[in-house]
Each structure stands twice: as C-alpha cells, then as structure tokens.
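Here are some notes for a colleague going through this entry, set out as numbered points. They take up burial, strand pairing and helix packing in turn.

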Amino acid sequence: MILSPRLSRSLDAQGSHIGHPNRRVETNIGSIVLSQESILWFAWSQIPGLGPILQKRLAQHFGSLTVAWETTPDELLAVEGIGLKLAWAIAEHRPQIALESLRPPTDHFITPADAAYPELLYEIPDPPPILYYQGDLALLAACQHRPGVGIVGTRSPSDYGKRWTRRLTKTLCRAGFLVISGLADGIDRIAHESCLEAQGETIAVLGTGVDVVYPYRNRDLYREIGTSGLLLSEYPPGTQPEKVHFPRRNRIIAGLSRATLVTEAPRKSGALITAKLANDYGRDVFALPGSLDNVRGHGCLDILSQGAQMILREDTLVQALGAIPVEPPIPTPAPAPPPDLSPLLSAVFQAVTPESRSLDAIVQQVHDLSTGDILSALMQLELMGLISSIPGTQQYQLSTES
C-alpha cells in the first residue's frame, strides 16, 4: 500500500526493509505522528561527521537506528567506518538532540523507515536518510514495482542529441516506463518535457531544496512536474544550488532507476558520473552512439567501449528494458463501504483506493455527481476516519483503519 505522510508515519507504519523496535516516541508535526524510527533517521542526520553510508551501517548493525541511539562509544566502534574520535563525538552530540521536540522543516518528507521509501534506493551504499518531496509521492513507491529509467546527458546537446532524446523518451513513456532525470538544462529538460508531452510520469531529482527553482528558466517545467509528477531532494527546503550538490544528487537518479540512458555527453560530464554509479549499483547502462566529430558525444563512445549497451533503435531498447526484472505490486483489496453510509458517501468511498488517487480521477469515476458534492463527501469521509488526504495535494486514499 502506498501511504500518505499522515499514514506512513503513524506509530504502526513500518517499512518492510528496516527493522523496528517496539518502543515508541510520539512526535507530532501538525496532524502527523512520526514513528520512532523515522524520527531517528532524521536525528542521526543532524550529527556532524555522520553521512548516509554510516547511517545505513548503523541501522544494519544494530537492527534499527533507535537501538543504535542508546549505544555506548565502545559499541559504536564495532560499526565499520566509525573510529574512536567519531564514536566519542556521537556520544557527546546525542544528548543535545531532544527527540521529543525534533521536527523537520516541512511535513513533506520520508525516511527509510517509511513504506513509500523504495527498497531499490535503499540498496545503494549511501541511501539518503531523508527525502523531501513535492507532488505525487506514489511515483516514488512505484519505482519498486515498475521500471524506472534515468535519462541524462549534456546541458548543451546537439540537434542529434535533442532529437533522439525526444524520440527515446516518448517511446519509453508510451511503453509504460517511468522517466527520472535531474531538471537541468539540455538533455534533462528535454527528457522531462518529452515525458509530459507523451502523458507519461516523471520524477525530477534536484540539487536544491524542492522549493528552489534552478535553473530559473526551467520554472514552468518545475511547476508542471510539481503538479503532475514528483520533485525530490535530499536537501532541506530553501537550500540554494551549490556545485557539490549535483554530483551527490546523481546517485539518487541512478539508485531509483532500473536502467540509466546517456543520450549525449562529453568526456567530462555529470551524466557519466550517473552512469558509473548505475554500473556500480549493478543496474543496466545504455548509451546512444554518436559521431567521432561531435565532442559532445565522446563520453557516450567511451562508456560504450567500457561495456555500456548500445542504443540502436527504439524498439530494441524497449525490448532490452522489458527484460529487466521488477517486483510486482502487492494487490490490496478495497474494503466494502460501511453499511451505514448514505448512497452519496458510499459512491465516493468506492472511488477511493488504498493507493493515493487524484481528485480528478475520483471525479471522472463518480461522473454523475458534481465536483462540489464530491469534495463535500470526501471531507465527511475524512472526518469519519475512513479516508485520508495527502497534505498540500488533491490526493486521497483509504485509511488503514477503514
């Protein structure tokens, strides 16, 4: 089940890939109650000198970050990468963090303790401890059971690179693939735009906060993805662009993607960093061959000579990607409406699913009612605790208690 922030952080919600203790700390953020493990992923990220690699190792070594929080410096030394200096620094810094009052800067975030955090991303050595988002969070969880393809390349593509990026992206979208890129100029922008034109679904991984548009000329595309797709960042809201952020965000693109496509890139390119990371993670890497006379494509030729798969035609690419295994979604049967609901409430209730669903989709299903009546019914159903809404969006889903 894909959970909203309110539900995925309820005290009973636990990610399937992270161990959780029974002890609980209730921290309220607006209407959200955070699970103890989710709080601890955020708390550990506040400790200087402790990056994503060590946070994952702590969780794996102790079974949960909640257990790790109570450990002694000697016990911390058993974790690979933690030396005496860091162990004592952790022990000194932890008492300064008040878990009961700890709160992220926004409600719109998830951690590896949340069910919507894909195991595919958690597989990488340094999964982001916290992901801030804007848009359709269901797309993030969908990466686990449908093929996501990262499309990356130069910020200054040739006409050839532009043309083939459009062709490949639209073909992949029509075949049902999820497109992931970085909302930079050039190939990234073309991939996102082409995906939306083909009525596909796209995730943009940013090197800024999700509320910061960079580059600013992409602001219209940024707004469109924030409405119909998903904006994602490991950086807190308000974070401005810095050079070091963009190579770091590339690991998230590679980590979310079953395969990475480089359509045009010079030898010194961030796209090649993404391709290398994808290869290191055991994911497939494809590259579009280009002319020896075009220096903007020499990076593609290099990775092809190193074993990347060659893109020759759209149909053969789709066939190759179709052979990549993905996990099938776990079907969740929709419950029958409570017998005491009025016909209007019952009709709207049956249009809401365990997975988040947009207001437009609900209106289309319950087409014999006005939008005003449907909104009123949704509000009543939420007050009754039968459904929940995702804060800041027009997305609704069944409550875990319904």
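1. A residue is called buried here when its relative accessible area is under 20%. By that cut-off, nine of the nine residues of helix H2 (residues 36–44) are buried, so H2 is largely enclosed by the rest of the structure. The residues concerned are Gln-36, Glu-37, Ser-38, Ile-39, Leu-40, Trp-41, Phe-42, Ala-43 and Trp-44, and the reader should keep in mind that the model is a predicted one.

2. As a background to that helix, 55% of the 402 residues of the protein chain count as buried. The chain contains 18 helices and 14 strands, and, of its contacts with a separation of 6 or more, 70% are between residues 24 or more positions apart.

3. Strand E4 (residues 131–135) deserves a similar look, since four of its five residues are buried and the strand is therefore largely enclosed by the rest of the structure. E4 is joined to strand E3 (residues 109–110) by two bridges, the two strands running antiparallel, and within this pairing Ile-110 has Leu-131 of E4 as its bridge partner. E4 is also joined to strand E8 (residues 230–233), again in an antiparallel arrangement, by four bridges; here Tyr-132 has Ser-233 of E8 as its bridge partner.

4. Turning to helix packing, the axes of helix H9 (residues 159–174) and helix H10 (residues 187–197) come within 8 Å and cross at roughly 40 degrees, and the two helices are therefore oblique to each other. The crossing in which H9 passes H10 is right-handed. On the H9 side the contact is made by Gly-161, Lys-162, Thr-165, Arg-166, Thr-169, Lys-170 and Cys-173, and on the H10 side by Ile-187, Ile-190, Ala-191, Ser-194, Cys-195 and Glu-197. Sorted by class, the residues of this contact comprise five nonpolar, four polar and four charged.

5. H10 also packs against helix H11 (residues 219–228), where the axes come within 11 Å and cross at roughly 50 degrees, which makes H10 oblique to H11. In this case the crossing is left-handed. H10 contributes Arg-189, His-192, Glu-193 and Leu-196 to the contact, while H11 contributes Leu-221, Glu-224, Ile-225 and Ser-228; by class, these residues divide into three nonpolar, two polar and three charged.

6. For checking the residue lists of the helix contacts by eye, it helps to recall that an α-helix has 3.6 residues a turn, so residues three or four places apart point the same way.

Key
Residues numbered from 1 in each chain as written. Predicted model: local features only at pLDDT ≥ 70, side-chain atom pairs only at ≥ 80, totals over all residues. Heavy atoms only, no water. Axes fitted to C-alpha atoms, helices over the stretch in contact; angles between N-to-C directions. Parallel < 35°, antiparallel > 145°, perpendicular 65-115°, else oblique. Left-handed = near helix turned anticlockwise from the far one by under 90°. Contact = heavy atoms within 4.5 Å. Nonpolar A, V, L, I, M, F, W, Y, C, P; charged D, E, K, R; others polar. Buried < 20%, exposed > 50% of the residue type's maximum accessible area, 1.4 Å probe, protein only. Pairing = 2+ DSSP bridges.
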